[in-house]
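Let's sit down with this one together and practise reading its features. Bring your questions and we will take them in turn.

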Amino acid sequence: MKHTMLKKNTFLTLLLLLCTLNTIAQKSPLNHDVYDSWKSLKNTSITNDGKFAIAVVAEQEGDDYLYIQNLSNRKELTVPRGYSYELVPDNKYVIAKIKASHADIREAKIKKKAAEKMPKDSLAVIRLDDLSVVKIPSVKDFKTGKDFSAYVAYTLSDSIKSKEKTSTLVIRNIESSTEDTIKNVSAYSFSKNGKALAVTTKPEKKDSVNEPSVFLLNLEKYSKNLISSGKTEYISQALSEDGMQLAFLATADTTKQENKEYKLYYYKHGADSAFVVANKAHENMPDKWIVSKNRTPLFSKNGKRLLFGIAPMPLEKDTTIPDFEKAGLDIWHWQEPEIQPVQLKTLDADKKKSYLAYIDLNNPQVFTQLANDTIPNVYLSEENNGEFAIGVSKLPYLLKAQWDTSSRYTQDVWSYNLTSGERKLIKKGLTGNYSLSYNGNYLVWYDLNTRNYYAYELKTDEERCLTCGLNINFWNEENDTPTIPLNYGMGMWYENDNALLVYDQYDIWKLDPSGKTPPQNITKGEGRKNKTTLRHIKTNPDAKFITSKEQLLLSAFNNENKKNGYYLLGPKNNLQKLVLDGYTFSSVKKAKDKDSYLYIKSNFATTPDLYSTTNNWKSERKLTEINPQAKNYKWGSVELTEWKTFDGKTAQGLLYKPENFDANKKYPMLTYFYERSSDNLYTHYMPQPNWSIINISYYVSNDYIVFVPDIHYTDGHPGQCAYNYVISGVEKLCENPWVDKENLGVQGQSWGGYQVAYLITRTNIFKCAGSGAPVSNMFSAYNGIRWESGRSRQYQYEQGQSRIGKNMWEAPELYHENSPIFFADKVETPLLIMHNDQDGAVPWYQGIEYFMALRRLQKPVWMLQYNKEAHNLKERRNRKDLTVRLQQFFDHYLKNEPMPKWLKSGVPAIEKGIDYGFGIEE
């Protein structure tokens, strides 16, 4: 009997094993058809009491949905197509927008429907206690109060186009569902406390009964008060936090001229109407200056000040000469602070530039100008309540900043005493970053030149060094660009301006700006001892400072094993490790009134999902499984690998292996790199059409090994450094019998694309190479323009990523050494270039130069030029196209797959948009 039972159990075990093996065998490699259904999490939140988790689950191409879970009873609600939401302040309701279906929008685009005829969004009012949903159709947008809101206000999407760009506003009591309607609304806003609502209306011009108006609604009594009417236009309304004061801009100008004069109006609860507090004719207004329409007024937190913008009157165009008779040109001048391309990029912002002024509402007939064209930026303390402010100007240093990186961080700084009206220059040529304390007692800065922190006491005008003699590196110890290293950064201030958090490479320091208490390492050196970088996480998004009794959540990253997690720092600096594991933790959210956390967790083989913990990570609960299909596909593994470079240094990189890796097989290997990526050991790469690089998950799933080496640089020799680290690593891996050293490929984009272009002039180890947006000629690139920003590229070579360290005339030999184009005759590796005609980072002609050189030398080379595309592809349709072409390119050379038409014979311009060349020619 026992023998029979044993045979039966053995049979069952074998059957189970066979089923398991069969399941594994049935896993498919990833293919390009799976991308659209792969989802991600965004906009996660947890209610103040920790009872509900909320997130948007986003499709790559399709319909998102809103996900809500009751963390107590685990009941779930899914709102199809929900994509944007707000928690009502009392956390009883969620208000969410529901997008029209992807299919309906696509169909409407195909039919080229007008904007007002496109499918409309809807609104969902979700009651959390029972997860019931009320849906409201045809909603354009919505708002609620921040601190409290019994109402939600939303505008309707009208099917008839409004010439005045107005909408019908609906004001809905969230609890009772009663509604009120106001037509022809051009703007609306709640006070922060949610008890008042300001509404601006602008009727159609043919309306002879109604006129533009401003209303203020008292939502506690639900009464409507007309504040002003009869002007041509009202804009830029602002409410004080308590809803008792209102400001707005208005004009009575009925002409069609672009530059109308606006006046600033002010209303206080109980007054008969609003009155003008600032205009062009005001005695405090500089000559030929006006109230700026481009800055919305703002009340200080306590409501005692009204901040607004003023600006010089815009220059008027000469209308006596028609445009077709005017010359069209840009005039470049060698002494201009910004070159013409920068000026053209910032032209719209410059036209709208305004300078800060404020009114003390105890005396609203007088205003004070703070900023001007010499000191363009002024910042007030204590949420604009404070006695002190600082003014900052980078204007004197803009010219040199075109090529000198440190000048980008240089400014002159002034202090303002708003009580006495005194302004004084406190620091000229400060090179570094700074932080004004919440209450305005101190300005703390990090000086890049001395590499120390300093404090300036605004009441006493005393300056003191806070870290001199400390012998701690607060600057980036791993900086390998030819410029002054930046500091690791500053954290939050403590209450009453008692201290400021700053960071070294690993630990957190507390600096007393008064200098009375020596600097404290509040993590007690545990970070450096364990090679773990600790950083404070702001868990309350509304907090302005740290309280003395507050526990601080710290992010943790171990620089050796690359694990991530969290620590907790108590008020007495007692440090507790909560979790440190082989995952990436992101988007952590804390319940305001409870020690409950919500976060996203993933690693390379684990898709990101939502988790919660209520006991500081002693245990956790998985809330979602947004990509259940992942288990049907082959994935893989990743490991940290080390080797010796050609000059004997220890190097690190990541090695990705296919699922069910077999050491007795040979695998083709792709190498991808940028600078340093080993810290991403536990990063998940979602299957998706990529914007410029290989999708590691896709290639590993399709039985490629992928190698991602770190590169460290020395000044003047970036190309040689790439060779030293990358090729030494590739050669070391080729010592393993499972690497098919006859089938090696390489790919990189931008800086990585440059390094690929360089490497193939030095080695034939790769059977094929992909280079995206490469610099091929450092001479021509040096004097080029980064067209996205308009900036000169010179700084990039002298002090930035390109790491030459000298200008072109000081060291032409270095520019020659590092320019692939001068060694194009050495290239034997088939090269696929991608360089797009609206690349705003690397000039498009750099790709063309390399292509034309290799073509002239009759080397195998192709170039993909995506029309009207940027440095990295933005259009999903183009990203899909590139993803397929990269796969076909590497599969042909490394897996001996047939050559598609576009590789074999190209696609002539006459066939553009008709035949994409993906097919295999007979």
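The dialogue below covers cavities, salt bridges and one sheet in this predicted model.

Q: Let's begin with empty space. How many cavities of 30 Å³ or more does a search of the whole structure find?
A: The general idea is friendly enough: rolling a probe the size of a water molecule over the atoms shows where empty space is left. In this structure, the search turns up 2 cavities of 30 Å³ or more. The largest cavity holds about 60 Å³ of space, and the second largest has a volume of about 50 Å³.

Q: Which residues line the largest cavity?
A: Its lining is made up of Ser 692, Gln 747, Gln 749, Gly 770, Ser 771, Gly 772, Leu 832, Ile 833, Met 834, Leu 864, Leu 882 and Leu 886. Two or more of the lining residues come from each of β48 (739-749), β49 (768-772), β52 (831-834) and α13 (876-895). Sorted by class, the lining has 6 nonpolar and 6 polar residues, with no charged ones.

Q: And which element gives the most to the lining of the second largest cavity?
A: That is α13, with 3 residues. The lining of this second cavity consists of Asn 690, Ile 693, Ile 694, Asn 695, Tyr 699, Leu 882, Thr 883 and Leu 886. By class, 5 of these are nonpolar, 3 are polar and none is charged. Notice that Leu 882 and Leu 886 appear in the linings of both cavities.

Q: Now for charges. How many salt bridges does the structure hold?
A: Here the idea is that side chains of opposite charge can pair when their charged atoms come close. The structure holds 46 salt bridges. A good one to find is Lys 880 with Asp 36, where the closest N and O atoms are 3.5 Å apart. This pair links distant parts of the chain, 844 residues apart: Lys 880 sits in helix α13, and Asp 36 in the loop between α1 (2-25) and β1 (39-46).

Q: Are Lys 880 and Asp 36 buried, partly exposed or exposed?
A: Lys 880 is partly exposed, at a relative accessible area of 30%. Asp 36 is partly exposed as well, at 25% relative accessibility.

Q: What is the N to O distance between the side chains of Arg 127 and Glu 175?
A: In this salt bridge the distance is 3.0 Å, N to O. Arg 127 belongs to strand β7 (residues 122-127) and Glu 175 to the loop between β11 (167-173) and β12 (179-190), so the pair ties together parts that are 48 residues apart in sequence. Arg 127 is partly exposed, with a relative accessible area of 28%, and Glu 175 is partly exposed at 48%.

Q: Which residues are linked in a network of salt bridges?
A: Look for Glu 478, Asp 480, Glu 675, Arg 676 and Arg 803, which are linked in such a network. For a simple pair, try Asp 348 and Lys 352, whose side chains meet at 3.4 Å, N to O.

Q: Finally, what order do the strands take in the open sheet of 4 strands?
A: Strands of a sheet pair through backbone hydrogen bonds, either parallel or antiparallel. In this open sheet the order is β16-β17-β18-β19, and the pairing is antiparallel. The edge strands, each pairing on one side only, are β16 (233-239) and β19 (275-278). From one strand to the next, the twist averages 35°.

Q: How many bridges join β16 to β17?
A: There are 5 bridges between β16 and strand β17 (residues 245-251), and the two run antiparallel. To see the register, find Ala 238, which stands opposite Ala 247 in β17.

Terms used:
Residues are numbered from 1 along each chain as its sequence is written. This is a predicted model: local features need pLDDT of at least 70, side-chain atom pairs count only at pLDDT 80 or more; totals for chains, interfaces and linings use all residues. Side-chain values use heavy atoms; hydrogens and water are left out. On a 1 Å grid over the protein atoms alone, a cavity is a set of points where a 1.4 Å probe fits but cannot get out, and a pocket is an open set with protein on both sides within 12 Å along at least five of seven lines; lining residues have an atom within 4 Å of a point. Grid points are joined across faces, edges and corners, and a volume is the space filled by probe spheres set on the points. Ala, Val, Leu, Ile, Met, Phe, Trp, Tyr, Cys and Pro count as nonpolar, Asp, Glu, Lys and Arg as charged, and the others, Gly among them, as polar. A salt bridge is a side-chain nitrogen of Lys or Arg within 4 Å of a carboxyl oxygen of Asp or Glu. Buried means under 20% relative accessible area, exposed over 50%, partly exposed in between (1.4 Å probe, protein chains only). Two strands pair if DSSP finds at least two bridges between them. Axes are lines fitted to C-alpha atoms, for helices over the stretch in contact, and angles run from 0 to 180 degrees between N-to-C directions.
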